[in-house]
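Biologist: I am new to this structure and would love a friendly tour. Could you show it to me first?

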Amino acid sequence: PESGPYGVWRYSAGLPFEEGVSLPEGGTPLHYVPRIEEEVGVNNLRIKHEGMNPTGSFKDRGMTVGVRVAKEVGVDRLACASTGNTSAALAAYGARGGMETLVLLPAGKVAAGKVAQASLHGARILEVDGNFDSCLDIVQDLAARGEAYLLNSLNPFRLEGQKTIGLEIMERFHADEGTYPDRIVLPVGNAGNTAALYKCFRELRKAGAIDEGDVPKLTGVQAEGSAPMVEAVEEGNDEVRRWEDVETRATAIRIGNPVNAPKALPGIRETGGTAVAVSDEAITDAQRSLAQEGVGVEPASAASLAGLRKLRESGEIGADEDVVCLTTGHLLKDPDAAYEAGGDPEPVPNDTEAVLDHLGE
Ligand code: F0G
C-alpha cells in the first residue's frame with residue numbers, strides 16, 4: 001500500500017499491538033536469482049533477504065515487538081546473549097525506545113560489524129569467556145533474578161514479530177506466481193525462526209487463509225561443526241542433545257543448545273521438512289554465488305543455499321520444487337569473512353599509464 005504501516009506492522013492484526021518501537025522493519029525483498037536457480041535445478045528459487053532490515057538482520061522484526069512489550073511492562077534494562085545480530089538489534093531498538101541495554105557476547109567469536117553496531121547504539125557489552133550457550137545461561141539467570149528483561153528468542157514476543165517473515169513470503173510469492181512455495185530453507189541456530197515460521201503457518205491454516213497442502217516444508221540448515229538439530233532430526237529424537245564444543249566460520253549459528261528446539265522440531269516434522277548439515281567450504285561457496293548475483297549476505301545466511309544444494313544433490317529436494325531460501329543477515333555484518341571469500345585488491349602506482357599496463361591493455 002502507498003500509505004499506512006510499513007513492513008512488520010502491516011500485519012498488526014496478527015500481532016499483540018497496533019504498533020511497536022519501529023525503525024521501521026520488514027518489507028524485505030524476495031529476490032530472483034536466475035543463474036543459481038538454473039545451476040541448482042529447481043522450478044523456482046527466490047531469496048528472502050532479511051539482511052535488508054534496518055540493522056541488517058531479521059532480528060529487527062522480533063525486537064520491534066519485544067521492545068514495545070518491555071516499554072509496556074515498564075522495565076529499565078533490556079538484555080540478551082548473542083552471537084552478534086541479536087545484540088545489534090537490541091542495542092538499536094533499545095536506543096530507539098530510550099532504554100538501557102546489556103548484551104553478553106562470546107569473547108572473540110562475534111563478527112566485527114555486529115560488535116560495532118552494539119557499541120555505537122550504546123549497549124553495555126560484556127564479553128564472556130565462553131560460547132553463546134553459556135552467555136544465554138547467564139542472561140537467563142540475570143532475568144530470573146529480576147536484573148533485566150530477557151530479549152532472546154526465548155521471549156515469545158520476539159517470535160510474534162518474526163512470524164511476519166512467513167506472511168511476507170506467502171503474500172509476495174503468491175502475488176508473483178499464483179501458488180505458494182513448496183519449501184522454505186533457512187539457517188538454524190537457536191531455532192527461533194523455524195518456530196516462528198511454523199506458528200505463522202499454523203495461524204494461517206486456522207484462519208482458513210491457506211490449505212494444509214499450501215504449507216511449505218520447513219527445512220533447517222546448520223554448519224557441520226554445530227549441528228545438534230540435524231542430529232535430532234536424523235536420529236528421530238524428540239529432544240536435542242546439547243553440543244558443548246561447537247565451531248564454524250558462520251559464527252551467527254555457532255550454537256550447541258538450540259533453546260527453541262521444542263517448538264521448532266515439530267515444525268520440521270509436521271510440515272514434511274528436514275534438516276541438513278553443511279561444511280564451512282560449502283557455506284563460503286554459497287556466499288560467493290549469492291554475491292555474484294548481487295545479493296550480499298553473511299556466512300550463516302548462505303548456509304540456506306548450501307543446504308539446498310546438498311539436498312538437491314542427494315535428491316531429497318526435487319527438480320519440480322518452488323523453493324525460498326532465507327538469508328538472515330547482511331554481508332557487511334562480517335567484513336572479515338566477506339574479504340576472505342572475495343579476493344585481494346591489487347595495488348597499482350598513482351599513474352594512468354601504469355594502471356593501463358597493469359590491466360594489460
Ligand atoms: N542467521 C543469522 C544471521 C543469525 O544471526 C542467527 C541467529 C540465525 C541465522 C539463527 O536463527 O536462532 O532463529 O535459528 N543469531 C542469534 C544472535 C543467535 O544472537 O544474533 P535462529
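Modeller: Happy to help! Please keep in mind that this is a predicted model. Let us begin with helix H11, where 12 of the 15 residues are buried, so the rest of the structure largely encloses H11.

Biologist: Which residues of H11 are buried?

Modeller: A residue counts as buried if 20 or more other C-beta atoms lie within 10 Å of its own. In H11, that label goes to Pro-299, Ala-300, Ser-301, Ala-302, Ala-303, Ser-304, Leu-305, Ala-306, Gly-307, Leu-308, Arg-309 and Leu-311.

Biologist: How far apart are the end C-alpha atoms of H11?

Modeller: With 15 residues at 1.5 Å a residue, H11 should span 21 Å. The distance between its end C-alpha atoms agrees with this, at 21 Å.

Biologist: Which residue just after H11 takes a positive phi?

Modeller: We need to look just past the end of the helix. There, a positive phi of about 85 degrees is taken by Gly-315.

Biologist: What covers the buried residues of helix H8?

Modeller: H8 runs over residues 228-235, and its buried residues are Pro-228, Met-229, Val-230, Ala-232 and Val-233. Just after H8, Gly-236 has a positive phi of about 70 degrees. The cover over the buried residues includes helix H9 (261-270), strand E9 (274-278) and strand E8 (217-223).

Biologist: In E8, which residue is the bridge partner of Leu-186?

Modeller: E8 is itself largely enclosed by the rest of the structure, because 6 of its 7 residues are buried. Strand E7 (residues 183-187) runs parallel to E8, and 5 bridges join the two. Leu-186 has as its bridge partner in E8 the residue Gly-220.

Biologist: Which strands stand at the edges of the open sheet of 4 strands?

Modeller: The order in this sheet is E5-E4-E3-E6, and the pairing is parallel. An edge strand has a single partner strand, so one side of it is left without a neighbour in the sheet. The strands placed that way are E5 (124-128) and E6 (149-150).

Biologist: In E6, what is the bridge partner of Ala-79?

Modeller: Strand E3 (residues 77-81) and E6 run parallel and are joined by 2 bridges. On the E6 side, Ala-79 is partnered by Leu-150.

Biologist: How many residues does H6 give to the side of domain 1 that touches domain 2?

Modeller: The chain divides into domain 1 (7-56 + 156-341) and domain 2 (59-150), and their centres, taken over C-alpha atoms, are separated by 22 Å. The contact takes 38 residues from domain 1 and 30 residues from domain 2. On the domain 1 side, helix H6 (156-177) and helix H12 (335-341) are the elements that give two or more residues. H6 has the largest share, at 8 residues.

Biologist: How many residues on that side of domain 1 are nonpolar, polar and charged?

Modeller: We can sort the side of domain 1 that touches domain 2 by class. The result is 17 nonpolar, 13 polar and 8 charged residues.

Biologist: Of the residues around the ligand, which come nearest?

Modeller: The shell around the ligand draws at least three residues from each of domain 1 and domain 2. By class, this shell has 6 nonpolar, 14 polar and 2 charged residues. Of the 22 residues around the ligand, the nearest are Gly-189, Asn-190, Gly-192, Thr-328 and Gly-329.

Biologist: Which elements give two or more residues to that shell around the ligand?

Modeller: Here we meet H11 again, now as helix H11 (299-313) among the contributors to the shell. The full set is H11, helix H3 (85-97) and helix H7 (192-206).

Note on methods. Residues are numbered from 1 along each chain as its sequence is written. This is a predicted model: local features need pLDDT of at least 70, side-chain atom pairs count only at pLDDT 80 or more; totals for chains, interfaces and linings use all residues. A residue is near a molecule or strand if its C-beta atom, placed from the backbone, lies within 6 Å of it. Ala, Val, Leu, Ile, Met, Phe, Trp, Tyr, Cys and Pro count as nonpolar, Asp, Glu, Lys and Arg as charged, and the others, Gly among them, as polar. Domain bounds come from an automatic or database domain assignment. The expected span of a helix is 1.5 Å times one less than its number of residues. Two residues are in contact if their C-beta atoms, placed from the backbone, lie within 7 Å. Two strands pair if DSSP finds at least two bridges between them.
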